[in-house]
Amino acid sequence: MNELKYRTRGNASPQGRSRVFFTCHPADFSRCFDRICEDIFATTDCAIYYTEDMTARLPEETRETDMAQMNLFVIPVSGRLLTEPNRAMDEDFPFAVAQHIPVLPILLEPGLDVIYSRADRFGTLQYLNPDSQDMTEISYAEKLKHFLKYVLIGSEQAKRIRAAFDAYIFLSYRKKDRKYANELMRLIHQDPVCRDIAIWYDEFLTPGESFSDAIGKMLSDSQLFTLLVTPNLVNEPNYVRQVEYPAARKAGKPILPAVMEQTDKTLLSEQYEDLPEAVDARNQEALRSRLQASFREIARKENDSDPAHNFLIGLAYLEGIDVEVDRTRALELITGAAEAELPEAMEKLCHMYKDGIGVALDLQKAVYWYEKRFEFYVRTEGEKSENSLIALNNLASAVMTSGDYSRAIELQKKSCAWASEMFSEEDELEAAAMAAAMNNLATFYYAVHDYRNAAEIMEQAYPKIVKALGERDRTSLAALSNLGAAYMSLREDEKAKECLEKVVPLMTESLGEENIYTIKAIQALAEVYGLGGDRQRQKLMQEKVCTLFDRKLGQDHPETINARNNLAKVFSHLDDYQKEAEIAEENYLVARRALGETHPHTISALAELSIAYRHLKAFDKANSLLQKELPLCSRSLGEDHRSTVVLRKAQADLFYDEGRFQDALLLYRSIYDFRLRTLGETHAETLDALNDLAFTYWKLNRSDRAAELREKHCALCRQVFGEEHPEAVRAMRELAFVYDKTGDHSRERALREQLYAFTLRTQGADHPDTVRDLRRLLRLCRTEKDDARSLELYPVLYKSLCETQGDKDPDTIAILAGYGALTVNAGNAGEGVKLLARAYRQQAEVLGENDPATLQTLSNLALSLERLDDYAQAAALLETLYTGRCRLLGETHPDTLRTLYDWATALFYQGELHRADGLFERLYQQRCQILGEVHPDTLQVLSVRALILRQLGDQKKQAEVLEELYSKYCETLGETHSDTIQIRLLLAAALRDLGETERAESVLADAKAENHPKS
């Protein structure tokens, strides 16, 4: 038979102590039972019951009698417990829930949240995590102490309860009749007169049947000796007949035999001398009559209207202190006392509903009673009393637990304001209380990812805690670590580094280098170094963390395995992929052997190994690993288990790297849906999944969908992290990139302006990020032809480049040239020419005179000189430009021909008409050859030649050119086109000048015949 055993503090007797039942997956017993017992005994003097064989079912009789009397079930939670058939999860936990016995789950492994919170597992029941790495949390030891305080009755409270009873009945029975003992107690207490009568019995689960001093004392203090009668009293020698019954007769106690099973009366009278007439316990009238006769003079009716008395009796029935456990009656009594405004009754109801103590867990009812308690203290003691402040803090925490985050934050802000008014910073205790209120508020902000407000509150709280407790106090050290963690979340790396570099030596000195919290602080500092780009220091620190965890916990411990996983990632950042793979391979083998294939840390090690293989382009190895382990993980843990999702993410990343974007998309989409459903859209992991989706849609050329997801990602990052958080800034840059590629310049421009303003303010004008943002903004302004804004940005960018790259850098000179060209176009030709001239000289020196960039600047300079009417210098430069482009591009290149046109035009305006005409004639021949004789550009050159020839006085040649031009206009545009008619008129004038009046009149007659307005 799988009997219950017990463990107590100092191996004391379990009698009179609160009863805790420990149950777990069989494989977890050896690794956690001793530690959990020590943790509980450190705060509470109770009895912890368990079975040595966690695989065997408990007898139904044991469940109905002994298990139903337990005050608390403690269940260590592991992946095995949640995923494999076992008694603890399949039988013990449902029994506790059905009996409204509170359950304390203690987490043994990370990454179990999803499956833990399933409706067929623990649902919304809160767990404690002994190894939490969240430095913003209250310590595990404090949480455990607080929980046990309100779930289990302490010795002082038990004394108060026992003192509240009107009288005691001593119940004597055979251990074989244990199931009848509970029934008889209920039958006795059905009589209202006996409600406040305690029943003392040789408490269950005590090995053997020795007559202890405790039994003797209770027999002496009892007003009635009740003998539970079954055949077991007479069918064999027993302890009741030989010891307890004679002792009761000797003490002169009234004796009430209560028959629970028909028993031979003759044998009873023979074996139990002078035994009074027995009563049928199931005959309610007969039993009530005998009981009332015994207690009529004892029961105190005035107690019925006393809330304090009723509350204590309610606790007795709730905990089974000298009465049977009757949770329904307990709730009635405690609720009645709470409605009568007994503060401790209201507080008890708060914890009963919040933790499921004797009732179904109901967070809304818990909040109701926390609010009632708060209102009571405010009404009776005023707002600024200590009790009112404590009640307000408790109410805020309960509201936070219920999920109403905004109201919880408002309540806690009120608590901080009250504490500030009530307490003096000069008083250590008051300063500590004020800091505690602020720390709670910071924790609330942290829970909703409002890291900015969390950090600001912690900044205020830390000096107060140090002032009250000293810099080396554990609370002060934890507060400084919390502040560093907040800065890390905000990616304020320098501030985080400052906090952690300060706290690590203090922790090392105060707690020791091998203290778990010290090691975790070192690990956080290593991460900060990595975030700041100091990978070598990160490597040294992370190697130290691995050494310390290995020395403290051993190489097989989950913390050590996790630390080695982080070390592998460091080598990845150092681009030492071979070393990354070596560490990851060894770590994965250790994790599989020590923790099993489906342990979260094993899965993390596997994911890191797949990343290492991807970095080495060993895609086949990575695929082989994932294809083997992913189905196993899915089968063992479920599709929605966190570890399964980790592997699915690794597989998606592998597909992405291989270019299998459609396959990656299917996985990324499932991961995003899962995280959205389980974590909410603002969780950092959900945002990462959304980011992956956006990237993949972009790779699939689904730019509209990618832009939609990028917009959502950017908006959420700005909402969650704040406008200037690095994550938000990164999201803005990625969205701006999408707008750029899709041509949505107006929205891109708005983002670029914000990004430049942010980096300028936070990193300075010469920082590479600022220069990069400025370049992109300037490029966009030039695209949108916003000359005014461009003229503001050009000199700023030029100055920054001069500072960072030097004024002879080709990139710097190019910006100077662009600035000069825009200055000319904006109407300030004089200043623009100066800038272009300087740029040209520097490019010619640095790049050479025939470099394309040099020649382009030379072109801009020459044309700008024309704007200043400096045609001589312009023509000289254009001649140089033409020579350079002929050499670089050839005589027939469009840019060369354009330069020839500009050179000829400059000569024309300079007055060198013969040279100009020669160049235009050359240009005409080349355009005829390249573009054709009737191309508009070719005809344009012919028109200019006609004008030059007129100014040269060569009327004959002019007329020939006009006649040729007229013929080609007629061919291309038609005789009635306005441009054709204009050429007719010019031709007629030229003919008249030559004295060919008859031909001129003929041309004019043709024009009039067309009836064109210009004729």
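1. A cavity is a set of grid points where a 1.4 Å probe fits but cannot get out. Keep that in mind for the first stop in this predicted model. The largest cavity has a volume of about 70 Å³. By the rule used here, there are 5 cavities of 30 Å³ or more.

2. Which residues line the largest cavity? They are Leu187, Ile188, Gln190, Asp191, Ala281, Gln284, Leu287, Arg288 and Leu291. Sorted by type, this lining holds 5 nonpolar, 2 polar and 2 charged residues. Helix H8 and helix H12 (284-295) each supply at least two of the lining residues. H12 has the largest share, with 4 residues.

3. Now look at H8 itself. This helix covers residues 178-189, which makes 12 residues. How far should H8 span, and how far apart are its end C-alpha atoms? At 1.5 Å a residue, the expected span is 16 Å; the end C-alpha atoms lie 17 Å apart, so the two values agree. The expected span is 1.5 Å times one less than the number of residues.

4. Is H8 mostly covered or mostly uncovered? It is mostly covered, with 9 of its 12 residues buried. The buried residues are Arg178, Tyr180, Ala181, Asn182, Leu184, Met185, Leu187, Ile188 and His189. Two names here return from point 2: Leu187 and Ile188 are buried in H8, and both line the largest cavity.

5. Next comes an open space. The second largest pocket holds about 700 Å³. It is lined by 27 residues. Nearest its centre lie Lys149, Leu152, Ile153, Gly154 and Gln157. Three elements give two or more residues to this lining: helix H6 (140-151), helix H7 (155-164) and helix H15 (343-355). H7 gives the most, with 7 residues.

6. What is the make-up of the lining of the second largest pocket? It divides into 7 nonpolar, 9 polar and 11 charged residues. Set this beside the lining of the largest cavity, with its 5 nonpolar, 2 polar and 2 charged residues.

7. Turn to the aromatic rings. A search of the whole structure finds 26 aromatic pairs. One of them joins tyrosine 794 and tyrosine 819. Their ring centres are 5.8 Å apart, and their planes make an angle of 20°. This pair is stacked, because planes under 30 degrees apart count as stacked. The pair links distant parts of the chain, 25 residues apart: tyrosine 794 is in helix H36 (residues 787-804), and tyrosine 819 is in helix H37 (residues 810-825).

8. Is tyrosine 794 buried or exposed? Its relative accessibility is 8%, so it counts as buried. The cut-off for buried is under 20%.

9. Rings also gather elsewhere. Phe170, Trp200, Phe225, Tyr245 and Tyr272 form one aromatic cluster. Two other tyrosines have a charge over the ring. The charged end of lysine 175 sits over tyrosine 173, 5.5 Å from the ring centre. The charged end of arginine 329 sits over tyrosine 317, 5.1 Å from the ring centre.

10. Check two residues for their backbone angles. Asparagine 11 is not a glycine, yet its phi is positive, about 55°. It lies in the loop between strand S1 (5-8) and strand S2 (18-22). With a relative accessible area of 71%, asparagine 11 is exposed. Aspartate 575 also has a positive phi, near 65°. Its loop runs between helix H25 (558-573) and helix H26 (577-595). At 54% relative accessibility, aspartate 575 counts as exposed.

11. H25 has another residue to inspect. Asparagine 562 is in this helix. Its relative accessibility is 17%, so asparagine 562 counts as buried. Where is cysteine 546 relative to asparagine 562? The two are 16 residues apart in sequence, and their C-alpha atoms are 8.9 Å apart in space.

12. Finish with threonine 883. This residue lies in helix H40 (residues 871-889). Threonine 883 is partly exposed, with a relative accessible area of 38%. Leucine 900 is 17 residues away along the chain, and the C-alpha atoms of the two are separated by 9.5 Å.

Terms used: Residues numbered from 1 in each chain as written. Predicted model: local features only at pLDDT ≥ 70, side-chain atom pairs only at ≥ 80, totals over all residues. Heavy atoms only, no water. Phe/Tyr/Trp six-rings, centres within 6.5 Å; stacked < 30°, edge-to-face > 60°. Buried < 20%, exposed > 50% of the residue type's maximum accessible area, 1.4 Å probe, protein only. Lys NZ or Arg CZ within 6 Å of the ring centre and 35° of its normal. 1 Å grid on protein atoms, 1.4 Å probe; cavity = no way out; pocket = protein on both sides within 12 Å on 5 of 7 lines; lining within 4 Å. Points joined across faces, edges and corners; volume = space filled by probe spheres on them. Nonpolar A, V, L, I, M, F, W, Y, C, P; charged D, E, K, R; others polar.
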